[in-house]
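Let us walk through this structure together, beginning with the chain as a whole and then turning to single residues and their surroundings.

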Amino acid sequence: MILTDREIKNSLASGLIDISPTPAPESYSSTSVDLTLAPIIRVFKPQTVA
């Protein structure tokens, strides 16, 4: 799914998507949000189905 900056902001406001903390206004471009990652990244391992 590709959302425009306006659709991203509306989706955040309505709770459809969640980004915490809320991005600064200058973080939005036409179809993206620039995010800064923490120094620690959690990697999820895929679950195996038995």
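Of the 50 residues in the chain, buried residues make up 16%, and it should be kept in mind from the start that what is shown is a predicted model. The accessible surface of the chain comes to about 4,900 Å², and 57% of that surface belongs to carbon and sulfur atoms. The C-alpha trace spans about 45 × 25 × 20 Å along its principal axes, and the radius of gyration of the chain is 14 Å, whereas a compact globule of 50 residues would have one near 10 Å.

As for secondary structure, the chain contains one helix and two strands, which follow one another along the sequence in the pattern α-β-β. Helix H1 covers residues 5-14 and strand E1 covers 28-29, with a loop between them, while strand E2 covers 32-33 and is followed by a further segment.

Which residues form the largest nonpolar core? It has five residues, namely Leu 3, Ile 8, Leu 12, Tyr 28 and Val 33. This grouping can be set beside a broader tendency: in soluble globular proteins, nonpolar side chains tend to be buried together.

Two members of the core show what surrounds it. Leu 3, if residues up to four places away in sequence are not counted, touches Ile 8, Ser 11, Ser 30 and Thr 31. Leu 12, which is found in helix H1, is in contact with Ile 17, Asp 18, Ile 19 and Tyr 28, again leaving aside neighbours within four places in sequence. Leu 12 and Thr 22 are 10 residues apart in sequence, and their C-alpha atoms are 8.6 Å apart in space.

Ser 11 also has its place in helix H1. Is Ser 11 buried or exposed? Because its relative accessibility is 9%, Ser 11 counts as buried, the cut-off for that word being under 20% relative accessible area. Apart from residues up to four places away in sequence, Ser 11 touches Leu 3, Leu 16 and Ile 17.

We can now follow the loop between H1 and E1, where Pro 21 is found. The peptide bond that joins Ser 20 and Pro 21 is cis, with an omega of about -5 degrees. As a general background to this, most peptide bonds are trans.

Pro 25 lies in the loop between H1 and E1 as well, and because its relative accessibility is 68%, Pro 25 counts as exposed. The C-alpha atoms of Pro 25 and Lys 9 are separated by 9.7 Å, although these two residues are 16 residues apart along the chain. Ser 27, which lies in the loop between helix H1 and strand E1, is by contrast buried, since its relative accessible area is 14%. Leaving aside neighbours within four places in sequence, Ser 27 is in contact with Ser 32, Val 33 and Asp 34, and Val 33 is one of the residues of the largest nonpolar core.

Finally, the segment after strand E2 is where Ile 41 has its place. Ile 41 is exposed, because its relative accessible area is 58% and the cut-off for exposed is over 50%. Together with Leu 37 and Val 43, Ile 41 makes a nonpolar surface patch of about 360 Å². The reader can therefore find nonpolar residues in two settings, in the buried core that includes Leu 3 and Leu 12 and in the surface patch that includes Ile 41.

Methods:
Residues numbered from 1 in each chain as written. Predicted model: local features only at pLDDT ≥ 70, side-chain atom pairs only at ≥ 80, totals over all residues. Heavy atoms only, no water. Core = buried A, V, L, I, M, F, W, Y, C linked by side-chain atoms within 4.5 Å. Buried < 20%, exposed > 50% of the residue type's maximum accessible area, 1.4 Å probe, protein only. Contact = heavy atoms within 4.5 Å. Helix = DSSP H or I, 4+ residues; strand = E, 2+ residues; numbered from the N terminus. Patch = residues over 30% accessible without salt bridge, like charges linked within 9 Å, V, L, I, M, F, W, Y side chains within 5 Å. Areas by Shrake-Rupley, 256 points an atom, 1.4 Å probe, with all protein chains shown as cover. Salt bridge = Lys/Arg side-chain N within 4 Å of Asp/Glu carboxyl O. Rg over C-alpha atoms; globule rule 2.2 N^0.38 Å.
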